[in-house]
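Ready for some practice at reading charges and cores in a protein model? Keep the structure open beside you and try each exercise before reading its solution.

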Amino acid sequence: MNVKGKILEFPNYTDTSIIEQAIRQAKWATTWLSEATGERIVVCPAVTIPGWFVKTVSKPLIPVVATKILSTQVPKLIGQRLSLEQIKRVAHQVKQKTLRSDNLI
């Protein structure tokens, strides 16, 4: 699949909304985590595409990476450096947000 700016081109489909959605979700997560942890936590948007080779035709607005190589690409992404304590606070908030009510019993 090809990446052209904010357009993702698959063989039978072209998507123009995924990148914009990732940007919106990162803004939401930045607000939520900053409020939940009591300090500014900046979430950088990225899109992962499972099962596809990603070819960048023109620079995307945000990183678009094949899931298969995600672990090698994450360290290269520029973003906020978090301390171990910040990571623990963020992980705790994510865990709390994702717990289902039947897991609380």
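Three exercises on this predicted model follow.

**Exercise 1. Find D15 and work out what surrounds its side chain.**

Solution. Start with the location: D15 sits in strand β3, residues 13-15. Next, look for a charged partner. D15 is buried but has no salt bridge, and R24, the nearest side chain of opposite charge, is 9.3 Å away. A salt bridge needs N and O atoms within 4 Å. Now turn to the backbone: a polar atom of the D15 side chain lies 2.7 Å from the backbone nitrogen of I18. Finally, leaving out residues up to four places away in sequence, D15 touches K6, I7 and L8.

**Exercise 2. Which residue of helix α1 forms a salt bridge with K6, and what does the pair tie together?**

Solution. First find the partner: E20 pairs with K6, their closest N and O atoms being 2.8 Å apart. Then place both ends. E20 belongs to helix α1 and K6 to the loop between β1 and β2, so the salt bridge ties together parts 14 residues apart in sequence. Last, check accessibility: K6 counts as partly exposed because its relative accessibility is 39%, and E20 counts as partly exposed at 31%.

**Exercise 3. Locate the largest nonpolar core and trace the contacts of V64.**

Solution. Begin with the core, which has 12 residues, among them M1, F10, A22 and V64. The elements giving two or more residues to this core are β2, α1, β4 and β6. Then follow V64: not counting residues up to four places away in sequence, V64 touches V3, L8, I19, V47, I49 and V54.

Terms used. Residues numbered from 1 in each chain as written. Predicted model: local features only at pLDDT ≥ 70, side-chain atom pairs only at ≥ 80, totals over all residues. Heavy atoms only, no water. Helix = DSSP H or I, 4+ residues; strand = E, 2+ residues; numbered from the N terminus. Buried < 20%, exposed > 50% of the residue type's maximum accessible area, 1.4 Å probe, protein only. Lys, Arg positive; Asp, Glu negative; His and termini not counted. Polar contact = N/O pair within 3.5 Å; in protein donor to acceptor, adjacent residues only side chain to side chain. Contact = heavy atoms within 4.5 Å. Core = buried A, V, L, I, M, F, W, Y, C linked by side-chain atoms within 4.5 Å.
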